[in-house]
Amino acid sequence: MMGLMPSEETRTMTPPTVRSSAAHDAGKTGGASTRAWTMRLLVLGIVLSALNLRPAITSLGALLEEVRDGLGMSGSVAGLLTSVPPLCFAVFGVMAPRLARRFGAGAVVCAGMAAIATGLLIRPYAGGTAGFLAGSALALMGIAVSNVLMPVIVKHWFPDRVGSMTGLYSMALALGTALAAAVTVPLTDTLGGSWQTGLALWAGLAVAAVLPWLPFVRGRVTPPGAGEQAAEKASQGPASTEHARVEAPPLRMARSRTAWALAVFFGLQATAAYITMGWMAQIFRDAGVPAGTAGLLLAVTMVMGVPLAFVIPRLATRLPHQGPIVLALGVCGLAGYAGLYLAPAAGAWAWAVLLGIANCAFPLALTMVGMRARTGPGVAQLSAFAQSTGYLISIPGPLLVGVLYQHSGGWGLPIALMSALMIPQMVVGFLAGRDRTVEDEAAR
């Protein structure tokens, strides 16, 4: 009997072992298939969301003169209108990390896309300037939380592809920006010439962006490897959990020089971007360029970000210091402003291209947010701090341009202001590009 026991034990144990292995293999196959589907859906959601992050602004820039006439706005009030986006981004963007912790980043982005769709649909028909501003604020609230959470989602789901995914997201953002600038005027003319219809039609694109995020709303979908990481932490016991909490203290971003440099850089590039999106078409129109051509020139400026927004983040992640890229973009911006001042109509296409290159400071800033923090929570806190502080800094710029334009009767002083702001942008961007992380400066 004793001699038979090992053989009997082997026969008894073998079938369950085989079945367990088979089930494990099947589970791995099913899990791999689910993860592949999840990642494709997530990439689609990121791209569609990015397409929706600027049409609310550039479609208005293309029709700003018609909106001003329709609502009876002065130049100063129009300047206030172009300052609303950074104000909303600053106020609502700071809420994004807290909302993401409570509801999940996917759910917040999904709600953000729904807010964009609703705001774009109601703002042209709300009646009066106050209603238009309220509808715009709702749409911009959705844009604000999505702005902050996109770098977080990229860092969380694609930790080894931050540069390429940031480039894809930035490229889609630039494409949506350019598309709205290029086709809003022609579509408005095709649909009867009503600026209300021309602005409201962009709500459809936001509705499409809601759909890919629906599976992420209740947190049923987790990043690849999350289950294995959770199991590993659980197997290490309570001491491991406590150790993890000790290793990830709250960061005091206000103590980090890098965080402040990145925030100021973000604010100054946002100032330039929103002045460009809100006023550049008007600059060309005042120089004698037809409205349709002015919209195309704005579209050229925005479309420059499509290829460069994919190239610049990938280049930035390969460099130990991103300062040289900052300086190159700043030089292009100064050259573009000089052209707008000296010969706005004669060299319009060249100035549009140069300013489009300068506007690629935005994807560079997003890339540096992902590079200046080591962890997902660090990126979330840095993204919220840099974007909220930066957008606060950018609020006066577009408004001041409107005031200077109205009271000086021309574009000389506003363009001088734009040029002057480019110098500190280059300085702080160079400082933000240094190879260091906020955890080393703020975790004290």
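Here is a quick tour of this structure, topic by topic.

The model is predicted. It's a helical affair, with 22 helices and zero strands. Of the 444 residues in the protein, 52% are buried. If you look at contacts between residues at least 6 apart in sequence, 84% of them join residues at least 24 apart. The points below pick out the salt bridges, the cysteines, a few residues worth finding on screen, and the cavities.

**Salt bridges**

- The count of salt bridges in this model comes to two. As a bit of background, side chains of opposite charge can pair when their charged atoms come close.
- One of the pairs is R285 with E66, whose side chains meet at 3.5 Å, N to O. R285 sits in helix α13 (residues 257-286) and E66 in helix α3 (residues 64-71), so this salt bridge links distant parts of the chain, 219 residues apart.
- How buried or exposed are the two partners? R285 has a relative accessible area of 18%, which makes it buried, while E66, at 28%, is partly exposed.
- D440 and R374 also form a salt bridge, with their side chains meeting at 3.1 Å, N to O. This pair, too, links distant parts of the chain, with the two positions 66 residues apart in numbering: D440 belongs to helix α22 (residues 438-442), and R374 to the loop between α18 (361-371) and α19 (376-394).

**Cysteines**

- How many disulfides are there? The count is zero.
- C360 shows why no bond is drawn for that residue: the closest cysteine sulfur, in C332, is 9.4 Å from the sulfur of C360, too far for a bond. A disulfide would need the two sulfur atoms within 2.5 Å.
- C360 is buried, with a relative accessibility of 1%. C88 is buried as well, at 5%.

**Residues to find on screen**

- Start with W202, which you'll find in the loop between α9 (195-200) and α10 (203-210). Is W202 buried or exposed? With 7% relative accessibility, W202 counts as buried.
- What does W202 touch, leaving aside neighbours within four places in sequence? Its contacts are N52, P55, S59, L120, L179, A180, V183 and T184.
- W202 and L121 are 81 residues apart in sequence, yet their C-alpha atoms are 7.9 Å apart in space.
- Next up is Q282, in helix α13. Q282 is buried, with 5% relative accessibility.
- Not counting residues up to four places away in sequence, Q282 touches E65, Y405 and W411.
- G70 lies in helix α3. At 48% relative accessibility, G70 is partly exposed.
- G70 and T129 are 59 residues apart in sequence, and their C-alpha atoms are 9.5 Å apart in space.

**Cavities**

- Rolling a probe the size of a water molecule over the atoms shows where empty space is left. In this structure there are six cavities of 30 Å³ or more.
- The largest cavity has a volume of about 240 Å³. Its lining takes in 20 residues, and those nearest the centre are L173, T177, M302, N359 and F362.
- Which helices supply at least two residues each to the lining of the largest cavity? They are α8 (162-190), α13, α14 (291-303), α15 (305-318) and α18. The largest share comes from α13, with five residues.
- Sorted by class, the lining of the largest cavity has twelve nonpolar, seven polar and one charged residues.
- The second largest cavity comes in at about 120 Å³. Fifteen is the number of residues lining the second largest cavity, and I57, L60, L81, T82 and P85 lie nearest its centre.
- For the second largest cavity, α2 (55-62), α4 (75-93), α7 (128-157) and α13 each supply at least two lining residues.
- By class, the lining of the second largest cavity divides into ten nonpolar, four polar and one charged.

**Helix α13 in several places**

- Helix α13 is worth tracing by eye. R285, a salt-bridge partner of E66, is in this helix, and Q282 is there too.
- Helix α13 also gives five residues to the lining of the largest cavity, and it supplies at least two to that of the second largest cavity.

Methods: Residues are numbered from 1 along each chain as its sequence is written. This is a predicted model: local features need pLDDT of at least 70, side-chain atom pairs count only at pLDDT 80 or more; totals for chains, interfaces and linings use all residues. Side-chain values use heavy atoms; hydrogens and water are left out. A salt bridge is a side-chain nitrogen of Lys or Arg within 4 Å of a carboxyl oxygen of Asp or Glu. Helices (H or I, at least four residues) and strands (E, at least two) are DSSP runs, numbered from the N terminus. Buried means under 20% relative accessible area, exposed over 50%, partly exposed in between (1.4 Å probe, protein chains only). Contact means heavy atoms within 4.5 Å. On a 1 Å grid over the protein atoms alone, a cavity is a set of points where a 1.4 Å probe fits but cannot get out, and a pocket is an open set with protein on both sides within 12 Å along at least five of seven lines; lining residues have an atom within 4 Å of a point. Grid points are joined across faces, edges and corners, and a volume is the space filled by probe spheres set on the points. Ala, Val, Leu, Ile, Met, Phe, Trp, Tyr, Cys and Pro count as nonpolar, Asp, Glu, Lys and Arg as charged, and the others, Gly among them, as polar.
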